Amino acid sequence: MTGDTALSPARLRHARFAIAAVFCAHGAVTGSFATRIPWIQEHAQLGAGTLGLALAFPALGAALAMPLAGRINHRFGARAALRGLLVLWTLSLILPSLAPNLPALCFALFVYGATAGMSDVAMNALGVETENRLGRSIMSSLHGMWSVGALIGSAAGTVAAHTGTDARLHHLLAALVLTAAGLVAVQGVLDLRSEQGSQAPPHFALPPKSALLIGAIGFCAVFAEGASLDWSAVYLRDVLHTDAGLAAASTTAFALTMAVTRLVGDRVVDRFGAVRTVRVGGVLATAGGLLVVMVRHPAGALTGFAMIGLGIAVVVPLAFAAAARSGPAPAQAIAGVATITYTSGLIAPSAIGAVADATSLVVSFGLVTLLAFALIVGASVLRQGPSVGQAGGETAEAAETAEKAGPVGPVGPADQDEPVDTRP
């Protein structure tokens, strides 16, 4: 990528805060929508089953549209592409609350998901480029800012719901505010463009093999995340027979652990490298899963769910970063990983329910524990591409090099790191 020649330390810091604000605005749209789903359900006169059908359409729209993001990024440049896609995403918040019936809601949610996915790819690709030029990890904290935005949007939505505000008015005002905030934030991001004469990526293409392997790691983490968010409270209520308040606390413990860990995770990644961080995270998540399924006490389950959140929190940000460095088409690779992770988030809640119906919720979280263990086994796929950052006197590159000489075995030429492109 070329362009934006003003790469002074102050300019890079400004770009880092700008892309963080973009992540926050993106998350705030999701939080604003999620809190008003009951209103939307009532307005469209849907039952639980038909609402579940409609809520599958955001993931479908995202999966189909995300491969287009690379082409848009190549055609218009990183800043212009992100500006346009983010505006489409923030304004799409208006659509679901206007839908009077199931077909209209499915269409609205398809558009909502498509714009979410394309803007997600664009901002992650630009986040990785910013990280490369800074020379230190920032992807974990960027995703932490997304979680902060989701919490802000949820809080505002909770107030709107509590006061009986019509969701159409609420989402119109939220969309306008977030569109304005997003436009201001995008002005500060790096203005990068593809090399002159470089070939445009295809409109639709399968992700490269390296991105599929990285996506598999993201799949395991997102599956554990979706299962824990949607089923932890049910687990405490139905398996451990706790009251509703304590059951809800398990979801809160998980979500807060995820958000806080992402905000501080970059320092850990800079110190120990992506592979080692994910391996240790896999150990923590596996131990947490074992606590959930083996210790039949609320305290053990609460601790276990918090440990799962702690262990998987930085996996998806690191997967996006590794995908961007796995080949010559970063946006295409990120789109591939994002599609796999979106799919995982879609199927996880229903898969847990299906396994629970056939066996029990304990067995369902045994499956989650196995997927957490897979993070330990498969973490080495995140070694691809250059490491970034330095903290405490040891670079992530040194940590990764040490890992290459360790018990994981020899590394072939295709796995060796390439130097970071620091050209303006």
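This report describes one helix, one cavity and the largest nonpolar core of a predicted model.

Local features require pLDDT of at least 70 and side-chain atom pairs pLDDT 80 or more, whereas totals for chains, interfaces and linings use all residues. Residues are numbered from 1 along each chain as its sequence is written, and side-chain values use heavy atoms, without hydrogens and water.

Helices are DSSP runs (H or I, at least four residues) numbered from the N terminus. In helix H4 (residues 57-65), the buried residues (under 20% relative accessible area, 1.4 Å probe, protein chains only) are Pro58, Ala59, Gly61, Ala62 and Ala65. They line one face of H4, because they fall within an arc of 160 degrees when seen down its axis; the arc is that of the directions from the helix axis to the C-beta atoms.

The whole structure holds two cavities of 30 Å³ or more. A cavity is a set of points on a 1 Å grid over the protein atoms alone where a 1.4 Å probe fits but cannot get out, and lining residues have an atom within 4 Å of a point. A volume is the space filled by probe spheres set on the points, which are joined across faces, edges and corners.

| Second largest cavity | Value |
|---|---|
| Volume | about 30 Å³ |
| Lining residues | Phe33, Ile37, Ile40, Gln41, Leu51, Leu55, Leu105 and Leu109 |
| Largest contributor | H2, three residues |

The largest nonpolar core (buried Ala, Val, Leu, Ile, Met, Phe, Trp, Tyr and Cys residues joined through side-chain atoms within 4.5 Å) has 108 residues, of which Ile19, Val22, Leu82, Tyr235, Ile312 and Phe365 touch the most other members. H8 gives the most to this core, with 13 residues.

Notes. Buried means under 20% relative accessible area, exposed over 50%, partly exposed in between (1.4 Å probe, protein chains only). Helices (H or I, at least four residues) and strands (E, at least two) are DSSP runs, numbered from the N terminus. On a 1 Å grid over the protein atoms alone, a cavity is a set of points where a 1.4 Å probe fits but cannot get out, and a pocket is an open set with protein on both sides within 12 Å along at least five of seven lines; lining residues have an atom within 4 Å of a point.
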